[in-house]
Amino acid sequence: MGKKLFKSRTNRVICGVCGGIGEYFNVDPTIIRLLVVLLGCTTTGIIIYLVAAVIMPEEP
């Protein structure tokens with residue numbers, strides 16, 4: 001079975017979205033967080049993060 005995208009329970013700051021994306025792509029979550037902060041300067045970035053926080057399931 002393939003990998004699935006989940007919010008991280010162990011590597012979270014707010015909702016675990018960046019930690020989950022980092023674990024999925026095998027990238028340091030700090031890099032993902034920096035990208036989210038850069039995108040967060042626009043309204044689109046904030047909306048994308050909020051949608052991901054609602055849609056992504058928690059880690060089993």
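**Exercise 1. Classify Ile 31 by its accessibility and place it in the structure.**

*Solution.* At a relative accessibility of 45%, Ile 31 counts as partly exposed. The class follows because exposed residues must lie over 50% and buried ones under 20%. The model in which this value was computed is a predicted one. Next, the element is identified: Ile 31 belongs to helix α2. Finally, a distance relates this residue to another part of the chain: Ile 31 and Gly 19 are 12 residues apart along the chain, and their C-alpha atoms are separated by 10.0 Å.

**Exercise 2. Determine which residues of α3 are buried, and how they are arranged around the helix axis.**

*Solution.* Begin with the helix itself. Helix α3 runs over residues 43-55 and has 13 residues. From its first C-alpha to its last it reaches 18 Å, close to the 18 Å expected at 1.5 Å a residue.

The next step is to list the buried positions, which are Gly 45, Tyr 49, Ala 52 and Ala 53. These residues lie on the same side of α3, because the arc they cover around the axis is only 100 degrees. A general rule helps in reading such a pattern: an α-helix has 3.6 residues a turn, so residues three or four places apart point the same way.

Then consider the face turned away from the buried side of α3. This face carries the exposed residues Thr 43, Thr 44, Leu 50, Val 54 and Ile 55.

The last step is to find the packing partners: the buried residues of α3 pack against α1 and α2.

**Exercise 3. State the class of Val 51 and its separation from Leu 38.**

*Solution.* Val 51 is a residue of helix α3. Its relative accessible area of 42% makes Val 51 partly exposed. In sequence, Val 51 and Leu 38 are 13 residues apart; in space, they are 17 Å apart, C-alpha to C-alpha.

**Exercise 4. Describe helix α1 and the residue just after it.**

*Solution.* The buried residues of α1 are Val 17, Cys 18, Gly 19, Gly 20 and Gly 22. What covers them includes α2 and α3.

Tyr 24 is also found in helix α1. With a relative accessible area of 27%, Tyr 24 is partly exposed. When residues up to four places away in sequence are not counted, Tyr 24 touches Lys 3, Lys 4 and Leu 5. Leu 35 is 11 residues from Tyr 24 in sequence and 16 Å from it in space, C-alpha to C-alpha.

Just after α1 comes Asn 26, which takes a positive phi of about 55 degrees. The positive value occurs here in a residue other than glycine. Asn 26 is placed in the loop between α1 and α2, and with a relative accessible area of 69% this residue is exposed.

**Exercise 5. Characterise the largest pocket by its volume and its lining.**

*Solution.* The volume of the largest pocket is about 160 Å³. Its lining comprises 13 residues, of which Val 13, Ile 14, Cys 18, Arg 33 and Tyr 49 are the closest to the centre.

Sorted by class, the lining has eight nonpolar, three polar and two charged residues. As for the helices, α1 (17-25) and α2 (29-40) each supply at least two residues of this lining.

Two of the residues closest to the pocket centre, Cys 18 and Tyr 49, have appeared above: Cys 18 is among the buried residues of α1, and Tyr 49 is among those of α3.

Key: Residues are numbered from 1 along each chain as its sequence is written. This is a predicted model: local features need pLDDT of at least 70, side-chain atom pairs count only at pLDDT 80 or more; totals for chains, interfaces and linings use all residues. Side-chain values use heavy atoms; hydrogens and water are left out. On a 1 Å grid over the protein atoms alone, a cavity is a set of points where a 1.4 Å probe fits but cannot get out, and a pocket is an open set with protein on both sides within 12 Å along at least five of seven lines; lining residues have an atom within 4 Å of a point. Grid points are joined across faces, edges and corners, and a volume is the space filled by probe spheres set on the points. Helices (H or I, at least four residues) and strands (E, at least two) are DSSP runs, numbered from the N terminus. Ala, Val, Leu, Ile, Met, Phe, Trp, Tyr, Cys and Pro count as nonpolar, Asp, Glu, Lys and Arg as charged, and the others, Gly among them, as polar. The expected span of a helix is 1.5 Å times one less than its number of residues. Buried means under 20% relative accessible area, exposed over 50%, partly exposed in between (1.4 Å probe, protein chains only). The arc is that of the directions from the helix axis to the C-beta atoms. Contact means heavy atoms within 4.5 Å.
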